[in-house]
Amino acid sequence: MAKKHIAKKAKWSNKQIFLRIILPILIVALLTSLGFLLLKLLDNRQGYIPPEDTSSTEFSSAAEPSSSTDSESSSPNKTGTTVVQIGEPITLSVEEDLATTGLLGNYDAALPWVSGSMRLTVNKAELYPSISDAGISPEECAYTRDDNLPFILLDITLENIDAETTGDMTFFIGDLISAEAYESQNVQSDRFLTMSPIYYSDHRAVSDETRDYFHGELSPGTSKTFQLGFFADDTPKDVILKLGTNGCVQKYGVDLNMDLSKGAQK
C-alpha cells in the first residue's frame, strides 16, 4: 500500500515575518500619523494673520505699558491671530472664539469660562533674577522648581463683562512662549519651550488638595487685578503671553516686550 505524501508547510524565518507582516504595519502607522500631523498643522494655520513686525522695538527686562490704549487698533477676536501690547486691553469672547473654524473643525483657544466675554489687560511685566528677588516665597507656589531660575511676574487686570462661569474659574489664563513660536504656530519643538504659571497671587491654600490652586470667583460686572508668576525655563529674545488653555492654538496673545536672552539685572 502506497504511503500518502503530506506536504509540510514551510516555516517563515524571522526576517520574512518582519518584511511581510511587521514592516507593512509600521509603514501604514507612520503614514497615518504623518497625515494627521499635516492636517493639524493646516488647521492651526487656517486664517493665520502674523503680528506686526516688532523687530525694531527695543526690549528691556522690565517692560513699561504701551502708549496705545485703543483696543480696537489690535482688531481682537477676528479670524487668525491677535497680539496686543502691555497696557492695551483685549476683549475675549467665548462665542466668537468658538465660531472660528479651521480645516478639522473649531480653531479655538479654549477660554476658561463657559460663555460671554471678559476684558484682559497686562498692566506690567517684570523680570527678576530669582523668585526671592520678586519678594515671593517659593512655598507660595503651586509646585516647587529651581528657585535660582529667573522669574517673570505679570500684573494683570481681568474684567468680567458678561461671562458665565461654573461657580468659580481658573486664573491659569495662559502660557508664555517665544514670539517665534507664536508666529510660526509651532510649540511642538525642542526649540520652543512653553512656560506655565507657577504662582497666582490670590491662590487658595497650597495645602488644600480639594480645590485648585489657580481657581477663584469673578462675577459679571466685577474685575480683579492679580499677579501671575513664571520661572523662565527658556531664553527667547521676545516673549508672548498666549491666552487660553488650548496648548495647540496660538490665537490671542500679549507681547511682553521682554528679552530673556539678556538675563535679569540685579
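Which residue in β6 is the bridge partner of T91? In this predicted model, the bridge partner of T91 in β6 is R119. That pairing is a good place to enter the structure, and the surrounding strands can be followed from there. Four bridges join β3 to β6, and the two strands run antiparallel. Strand β3 covers residues 90–93, with I90 and L92 pointing one way and T91 and S93 the other way. All four of these residues are buried.

A wider view of the chain helps to place these strands. The protein chain has three helices and 14 strands, and buried residues make up 42% of its 266 residues. Among contacts between residues at least 6 apart in sequence, 73% join residues at least 24 apart. The chain exposes about 14,800 Å², of which carbon and sulfur atoms supply 53%.

Strand β6 spans residues 117–128, and S117 lies in it. With a relative accessible area of 14%, S117 is buried, since the cut-off for this class is under 20%. Beyond its neighbours within four places in sequence, S117 is in contact with T91, L92 and S93, as well as with N160, I161, D162 and A163. T91 and S93 point one way from β3, while L92 points the other way.

A163, one of the contacts of S117, is found in the loop between β7 (151–160) and β8 (169–170). At 2% relative accessibility, A163 counts as buried. Leaving aside neighbours within four places in sequence, the contacts of A163 are W113, S115, G116, S117, M118 and P220. W113 is 50 residues away from A163 along the chain, yet the C-alpha atoms of the two are separated by 7.0 Å.

Charged side chains add further links, and the structure holds three salt bridges. In one of them, the side chains of D97 and K251 meet at 2.8 Å, N to O. This pair links distant parts of the chain, with D97 in helix α2 (residues 94–99) and K251 in the loop between β13 (239–243) and β14 (252–255), 154 residues apart. Both D97 and K251 are buried.

R119, already met as the bridge partner of T91, also takes part in a salt bridge through its side chain, meeting E159 at 2.9 Å, N to O. Here too distant parts of the chain are linked: E159 is in strand β7 and R119 in strand β6, 40 residues apart. At 33% relative accessibility, E159 counts as partly exposed, and R119 is partly exposed as well, with a relative accessible area of 30%. A further salt bridge joins the side chains of E126 and K124 (3.7 Å, N to O). E126 counts as partly exposed at 23% relative accessibility, and K124 is partly exposed with a relative accessible area of 38%.

Aromatic residues offer another set of links. The structure holds seven aromatic pairs. The rings of F172 and F214 have their centres 5.2 Å apart and their planes at 80 degrees, so this pair is edge-to-face. Because F172 lies in the loop between β8 and β9 (174–178) and F214 in the loop between β10 (199–200) and β11 (215–216), the pair ties together parts that are 42 residues apart in sequence. F172 is partly exposed, with a relative accessible area of 25%, whereas F214 is buried at 7%. The rings of F214 and Y213 are edge-to-face too, because their planes stand at 75 degrees, with centres 4.9 Å apart. Y213 is buried, with a relative accessible area of 10%. F172, Y213 and F214 belong to one aromatic cluster, which also includes F171, Y200 and F226.

Towards the start of the chain, attention turns to the surface. W12, I17, F18, L19, I21, I22, I25 and L26 form a nonpolar patch there, with about 720 Å² of accessible area together. Within this patch, I21 is found in helix α1 (residues 14–45). I21 is partly exposed, with a relative accessible area of 40%.

Note on methods. Residues are numbered from 1 along each chain as its sequence is written. This is a predicted model: local features need pLDDT of at least 70, side-chain atom pairs count only at pLDDT 80 or more; totals for chains, interfaces and linings use all residues. Side-chain values use heavy atoms; hydrogens and water are left out. Buried means under 20% relative accessible area, exposed over 50%, partly exposed in between (1.4 Å probe, protein chains only). Contact means heavy atoms within 4.5 Å. Patches are made of residues with over 30% relative accessible area and no salt bridge: like charges are joined within 9 Å, nonpolar side chains (Val, Leu, Ile, Met, Phe, Trp, Tyr) within 5 Å. Accessible areas come from the Shrake-Rupley method with a 1.4 Å probe; for residues, only the protein chains shown count as cover. A salt bridge is a side-chain nitrogen of Lys or Arg within 4 Å of a carboxyl oxygen of Asp or Glu. Rings of Phe, Tyr and Trp (its six-membered ring) pair if their centres lie within 6.5 Å; planes under 30 degrees apart count as stacked, over 60 as edge-to-face and the rest as tilted. Two strands pair if DSSP finds at least two bridges between them.
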